[in-house]
Amino acid sequence: MMPRVSVLLTAATLLAAAAACSSSGPASSSAGSAFDPKSCQGGTLYILNQTSATDEHFDPARIYTSGGGAVPSLVFRTLTTRKRVPGQASTTVAPDLATDTGTPSDDAKTWTYHLRDGLKFEDGTPITSKDVKWGVERSFAPELPGGIPYLRDWLIGGADYKGPYKGEDLDSIQTPDDKTIVFKLRKPEGDFPYVATATQFTPVPKAKDGGTAYERHPVSSGPYKVQTHVQDKSLTLVRNPYWSRTVDDQRLACPDRIEATYGLSAAVINQRLSTSAGKDADAITTDTDLSPAELARISSDPNLKKRTVRGQFGYTNFIAFNTKVKPFDDVRVREAIAYAVNRQAAVNAVGGSSLAKPATTFLPDQAAFGYQPYDAFPAGPTGDPAKAKELLAQAGQPNLTITLAHRNGDANQDGPAVATAVQEALKQAGITVKLKAYDQASYRSVQTKPATEPGVFLSGWGADWPTGGPFLAPIFDGRQILKDGGNYNFAQYDDAKVNAEFDAINKISDPLQARPRWGALDAELGRQALTVPLFHPIYLRLYGKNVKNTYLDEWRGSYDVAMVSVK
């Protein structure tokens with residue numbers, strides 16, 4: 001699951017005024033000259049963030065990201081990556097180290113890749129398929145936790161493999177020559193090219209792998225190498241002399257130097273970007289959305305309007321039901337809540353229409369996921385309390401009292417503001433809602449363990465890559481129910497026919513063919529009221545006045561640092 005990006009609260013009327021000033025395409029700087037990729041090289045780009053580029057570790061085995069991430073993608077190239085363009089096209093896979101996005105065979109259980117010519121590490125050593133194999137294998141080592149979980153499940157022998165440090169290799173990764181690498185899967189996985197964008201597919205030279213110490217100086221395969229790194233404080237990147245655009249057509253790598261500062265508050269970041277003084281004129285943020293104060297200024301400041309970018313990432317905020325807990329085992333009760341919900345109130349609670357869109361589908365409203373519009377329980381934007389009361393009467397629950405769990409913190413999309421909006425809407429249908437808040441640290445662990453999972457609670461889901469599979473399967477595939485924790489199938493829903501449909505779609509290696517199947521499955525699941533979708537978030541961010549070619553890609557909802565320029 002991709003990390004949830006907080007949306008800060010502000011007045012809906014204020015945000016409506018700011019809505020018209022956002023854009024989603026490449027931008028030129030307010031200073032004047034248009035962006036030219038042929039002459040964009042030079043200068044220093046500054047990154048102002050709340051959290052570090054990798055949360056905890058700058059080791060490709062330990063980073064949980066897809067598409068190569070934002071800052072990690074500057075140092076770590078992978079077999080495939082996301083297409084670096086604005087709009088929907090940014091949700092598609094592109095070759096990176098490989099010559100193509102992979103060749104499937106044996107019903108998508110075997111995937112073969114060939115490396116490009118001329119690939120080198122930062123020390124000039126050629127990159128081979130064995131380096132990629134080593135990079136993948138070391139991500140299985142218990143000493144290096146934190147990466148994506150899929151390879152342990154997908155690769156033959158992955159479930160029991162403990163990494164390469166004791167001399168054992170994974171036979172399901174084969175390197176018949178220095179340019180070829182083959183992956184043998186235990187089941188069909190048409191989405192394998194998307195997983196191959198994860199940093200676990202970064203080549204790592206065995207001779208320079210220091211295990212847990214490797215993150216102190218990871219060997220670059222990308223346009224930049226690490227000069228200095230102080231965890232959670234700063235990261236400085238300089239050019240890798242053995243990288244060029246002739247061997248990498250997916251990154252412009254315009255700045256000569258990139259300096260990132262972490263641990264800043266959202267208010268400080270937005271203030272520095274809006275003022276854009278000194279070095280901050282050459283700055284961006286990859287993790288901080290606009291604050292209420294900045295949104296207020298945007299509505300009356302034409303210069304800030306020019307430096308605001310709007311984007312989205314595939315994410316859905318929803319009400320989750322534990323169908324093993326009464327009365328949520330009764331579909332009529334779940335349907336009643338679906339009819340009673342006031343989605344407009346929920347949108348207003350997170351800042352209004354500039355920062356969120358009402359959702360009636362579980363899949364995000366982006367083509368890459370297979371989105372098909374539907375509304376299983378049509379009640380309009382403000383709900384249908386009369387229909388809800390009718391269903392509650394049928395269920396023998398005319399005076400229902402429930403407890404809705406949520407997270408603490410006003411800036412959270414699953415926090416008290418949204419919980420209160422739901423509470424007020426359900427009150428109109430005769431449902432008394434008691435609110436129960438959990439602290440930041442414990443909320444996820446409580447909801448993802450069936451023994452402690454509440455009956456109804458606020459949650460959200462973002463896909464690890466932009467297709468329907470990683471969005472629907474963790475929530476609705478019965479074989480992904482985990483009793484001891486880490487369970488996201490909150491309804492504990494297990495239907496053999498639905499599970500079989502997951503397997504059938506996973507055999508399809510063409511994303512365009514898979515999309516309508518994912519959309520149809522979403523609609524089928526939606527009719528069962530296993531969740532109540534509330535809204536899809538929207539992201540608004542500022543950038544410094546000298547920064548060019550800014551856009552938020554739809555794969556991650558963040559700036560593509562590899563494409564921006566300050567020159």
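**Entry 1: around helix α13**

I started with the neighbours of helix α13: its buried residues pack against α3 (150-154), β13 (315-321), β17 (456-462), α14 (496-506), α15 (511-526) and β18 (531-537). I kept in mind that this is a predicted model. Next I looked up which residues of α13 are buried, and I found G469, P470, F471, L472, A473, P474, I475 and F476. That is eight of the eight residues of the helix, which runs over residues 469-476, so α13 is largely enclosed by the rest of the structure.

Two names from this helix came back when I turned to aromatic rings. F471 and F476 belong to one aromatic cluster, together with F318, F362, F369, F457, W461, Y488 and F490.

**Entry 2: aromatic pairs**

How many aromatic pairs does a search of the whole structure find? I noted 27 of them. I picked out Y194 and W555, whose ring centres are 5.8 Å apart. Their planes meet at 35°, and the pair counts as tilted because that angle falls between the cut-offs of 30 degrees for stacked and 60 for edge-to-face. A friendly reminder to myself: a pair of aromatic rings is described by the distance of the centres and the angle of the planes.

Where do Y194 and W555 sit in the chain? I found Y194 in helix α4 (residues 192-195) and W555 in the loop between β20 (552-553) and β21 (558-559). They are 361 residues apart, and the pair links distant parts of the chain. Both Y194 and W555 are buried.

**Entry 3: stepping back to the whole chain**

I looked up the overall make-up and found 15 helices and 21 strands. The C-alpha trace spans about 75 × 55 × 40 Å along its principal axes. For 567 residues, a compact globule would have a radius of gyration near 24 Å, and the chain has 24 Å, so the two agree.

Of the 567 residues, 59% count as buried. I also checked contacts with a separation of 6 or more: residues 24 or more positions apart account for 73% of them. The chain exposes about 20700 Å², and carbon and sulfur atoms supply 50% of that area. For charges, I wrote down 62 positive and 61 negative side chains, with the centres of the two sets 3 Å apart.

**Entry 4: one residue, Q423**

I then zoomed in on Q423, which has its place in helix α11 (residues 416-427). Is Q423 buried, exposed or partly exposed? Its relative accessible area is 22%, so Q423 is partly exposed, as buried would mean under 20%. Leaving out residues up to four places away in sequence, Q423 touches V433 and L435. I also tried R310: R310 and Q423 are 113 residues apart in sequence and 30 Å apart in space, C-alpha to C-alpha.

**Entry 5: backbone oddments**

I finished with the backbone. A cis peptide bond joins K326 and P327, with omega about 5°. I placed P327 in the loop between β13 and α8 (331-340).

Which way does the phi of D107 go, positive or negative? It is positive, about 60°, although D107 is not a glycine. D107 lies in the loop between β4 (103-105) and β5 (110-114), and its relative accessible area of 48% makes D107 partly exposed.

A253 has a positive phi too, about 50°, and is not a glycine. I found A253 in the loop between β9 (234-239) and β10 (257-261). With a relative accessible area of 1%, A253 is buried.

Conventions
Residues numbered from 1 in each chain as written. Predicted model: local features only at pLDDT ≥ 70, side-chain atom pairs only at ≥ 80, totals over all residues. Heavy atoms only, no water. Phe/Tyr/Trp six-rings, centres within 6.5 Å; stacked < 30°, edge-to-face > 60°. Helix = DSSP H or I, 4+ residues; strand = E, 2+ residues; numbered from the N terminus. Buried < 20%, exposed > 50% of the residue type's maximum accessible area, 1.4 Å probe, protein only. Rg over C-alpha atoms; globule rule 2.2 N^0.38 Å. Contact = heavy atoms within 4.5 Å. Areas by Shrake-Rupley, 256 points an atom, 1.4 Å probe, with all protein chains shown as cover. Lys, Arg positive; Asp, Glu negative; His and termini not counted. Charge placed at Lys NZ, Arg CZ, Asp CG, Glu CD.
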